[in-house]
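User: Please go through one helix and some charged pairs in this structure.

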Amino acid sequence: MQGPRAKQGGYRAYLIQELKRRKAAHPQYSMRAFAKFLGLDSGFLSRVLGGTKDLSPDRSEEIARKLGLSAEGVLAFRGQVEHELGNQAEPSITQTTIPLDQFEIIADWHHFAILGLVTCVDFRPQPAWISQRLGVPELSVIDALGRLIRLGYLEQLSDGGLRKPQTHVTTPSGTPSPALRHMHAQLMEKAKDALLTQPIDKRDITSLSGSIDPNLIPQAKEEIRRFRARMKELFVSSKTPTQVYQLNVQLFELTQNEEEGTCL
């Protein structure tokens with residue numbers, strides 16, 4: 001479709017690729033079926049994909065959820081819609097999920113701390129300085145920098161500096177992984193250290209215990225994802241960061257089923 005309003009890319013490209021993926025899996029899958037799944041009129045969807053119609057921000061959130069995007073993905077999808085509508089100067093965070101095979105290479109916590117440290121206004125690209133700031137051996141820093149550069153999560157500049165590409169990387173989710181368990185265990189240990197060593201004005205470690213219907217756990221997890229997405233936006237919006245923080249949100253059973261043992 002042609003015309004002065006015709007636009008391609010962004011969320012439209014994502015929708016087009018999703019339609020192609022479904023058609024590849026099921027050759028009889030049609031634009032009409034895709035529109036019905038998304039709750040849209042097929043003609044309207046066709047014009048959206050062609051760039052002559054726009055989604056509204058609220059409708060975009062509904063569609064993103066139907067597509068099974070995470071809370072972060074929903075925000076990014078809506079951000080692209082708002083950007084095209086001119087409702088904000090910059091699109092929301094561009095997000096890339098690290099493939100599991102790559103994540104297994106950089107599963108130690110300090111890889112992600114380095115990615116955060118690079119964005120600090122006082123960052124120095126010297127391994128010794130990074131080692132001192134993170135409390136990690138310098139050799140481990142050198143190894144981590146090499147991995148992050150090889151995988152494309154850091155860019156080596158001609159002047160020796162380092163730059164993080166304009167994207168936010170996220171760890172894989174929804175798939176059992178020894179590497180993920182390893183990283184979460186490391187970060188829980190870091191939280192324990194912070195509880196004992198950091199002043200209260202530098203940390204916030206709280207807990208909540210209560211009974212709940214297990215059928216509501218998916219809803220609880222969705223609320224946690226929404227909160228995490230809002231915190232990510234807060235982190236990224238900081239113009240002069242000087243410290244790297246870690247946010248852990250933990251939700252787990254304190255009781256056991258009767259057949260598994262005595263309740264705590």
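The turns below cover a helix and then salt bridges.

Analyst: This is a predicted model, in which local features need pLDDT of at least 70, side-chain atom pairs count only at pLDDT 80 or more, and totals for chains, interfaces and linings use all residues. Residues are numbered from 1 along each chain as its sequence is written, and side-chain values use heavy atoms, with hydrogens and water left out.

User: Over what arc do the buried residues of α10 lie?
Analyst: Helices are DSSP runs of H or I with at least four residues, numbered from the N terminus; α10 spans residues 178–197. In α10, A179, L180, M183, L187 and A194 are buried (under 20% relative accessible area, against over 50% for exposed and in between for partly exposed; 1.4 Å probe, protein chains only). They sit on the same side of α10 because the arc, taken from the directions from the helix axis to the C-beta atoms, is only 95°.

User: Which residue caps the N-terminal end of α10?
Analyst: The cap places a side-chain oxygen 3.2 Å from the backbone nitrogen of A179. The capping residue is S177.

User: Is E61, which pairs with R65, buried or exposed?
Analyst: E61 and R65 form a salt bridge at 2.8 Å, N to O (a side-chain nitrogen of Lys or Arg within 4 Å of a carboxyl oxygen of Asp or Glu). Both lie in helix α4, 4 residues apart. R65, at 35% relative accessibility, is partly exposed. With 18% relative accessibility, E61 is buried.

User: How many salt bridges does the whole structure hold?
Analyst: One of them joins R163 and E155, with the closest N and O atoms 2.7 Å apart. A search of the whole structure gives 13.

Terms used:
Helix = DSSP H or I, 4+ residues; strand = E, 2+ residues; numbered from the N terminus. Expected span 1.5 Å × (residues − 1). Polar contact = N/O pair within 3.5 Å; in protein donor to acceptor, adjacent residues only side chain to side chain.
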